[in-house]
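Work through the exercises below with the sequence and the model in view, and try each task before reading its solution.

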Amino acid sequence: MFEDHLRNCLDGLRKGDKTKEKLDVSDDRCFVGFDAYQKVIDCCDLVMLATPPGFRPVHIEAVVKAGKHLFTEKPVAVDGPGIRKVLAASEEAKKKDLCVVAGTQRRHQAGYIESFKRIHDGALGELITARVFWNGGGIWVHKRQPHWSDTEYQLRNWYHFIWLCGDHFVEQHVHNLDVALWALGNHPIKAVGMGGRQVHDEPERGQSYDHFAVDYEFPGDIHVMSTARQIEGCANDVSEYIVGTKGHAHLEPGNYRFKGQGLSRLRLRNEVNPYVQEHIDLLESITARKPINELKQVAESTLTAIMGRESAYTGKAVTWEQALNSKRDTYPTEPLVMSGQMKEGAVPRPGTYELI
């Protein structure tokens, strides 16, 4: 979107010891602006999407329409209309035999894969509950500069506007929620949540909350407790606890602990960096002509996060169907221009924010 971001990235690649000899990016293949994504798609065989998630449904749709293979970062949308667009693109990608991998890298991490082989083979017995957390410190924020328009300010400070980020419960905590769906093999049917802004009240925080807590109900009356926080100086925990009738597992990247009769810690040597492994898996699926398509999987994990956020925003129970069929389209209705005016939405307040 911005010339300075493009140049900083390109300069870094040109100077990098592992990239400078392999780099082949001429100036005529450097694009800036709201239509830059389409120009990138037109000159690539494999497209990587790592822009703010508010744009992701539009970009995914365009990549699949062009018949290109895809790596997409998570989350894949920030609202129900976006999820519906992604689910439609998933079906179209299947028809075209396109390979799609998502940035839920735990799905490609050896320790998690081996842990879930144990879990799904019955090591924990019947699964009865889970707890998933992304409780950490603060996130970056950019103060508004005098020369920035409304549009440029929101784009450069994208993490704090719902239409661009979806709030940290969606943008970040989707990783842990994805693990819960992986464990239980299903999506939740209802969410009841709460949240708010207790510490971060600066104007540049936009609409974002600093804490969430959501109780998810899954089929079979299984409940998953989910919390996410971005506040400094607090107890941190970024991990997942899977509980069964015979024991429980405590999972976090690089550390896979099992407790129960006959259970022991999972120990792995030389685990490949999952941020590398996900791309290895994608490239191997392309060259082997054995398409993998993770779009539906990541869309359901994203929608799980969205329904939890909407429950916290409204203070009401939100069902899967309500979240999926929601008419709340957060994307701006007016064409985006960098010099444009764009009103900032109010911070969502439970009891007054409505589920549409």
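**Exercise 1.** Determine which residues touch the most other members of the largest nonpolar core.

*Solution.* A nonpolar core is a set of buried Ala, Val, Leu, Ile, Met, Phe, Trp, Tyr and Cys residues joined through side-chain atoms within 4.5 Å, where buried means under 20% relative accessible area with a 1.4 Å probe, protein chains only. Among the 62 residues of the largest core, I60 and Y216 touch the most other members. Helix α11 (helices being DSSP runs of H or I, at least four residues, numbered from the N terminus) supplies the largest share of this core, 9 residues. A second, separate core has 13 residues, including F55, W163, L164 and M342.

The model is predicted: local features need pLDDT of at least 70 and side-chain atom pairs count only at pLDDT 80 or more, whereas totals for chains, interfaces and linings use all residues. Residues are numbered from 1 along each chain as its sequence is written, and side-chain values use heavy atoms, with hydrogens and water left out.

**Exercise 2.** Establish whether S311 is buried or exposed, and find what its side chain reaches.

*Solution.* Start from the location: S311 is in helix α11, which covers residues 295–314. Next, S311 counts as buried because its relative accessibility is 0%. Its side chain then reaches the backbone nitrogen of G193 at 2.7 Å. Finally, apart from neighbours within four places in sequence, S311 is in contact (heavy atoms within 4.5 Å) with A191, V192, G193, K316, A317 and V318.

Technical notes. Helix = DSSP H or I, 4+ residues; strand = E, 2+ residues; numbered from the N terminus. Buried < 20%, exposed > 50% of the residue type's maximum accessible area, 1.4 Å probe, protein only. Polar contact = N/O pair within 3.5 Å; in protein donor to acceptor, adjacent residues only side chain to side chain.
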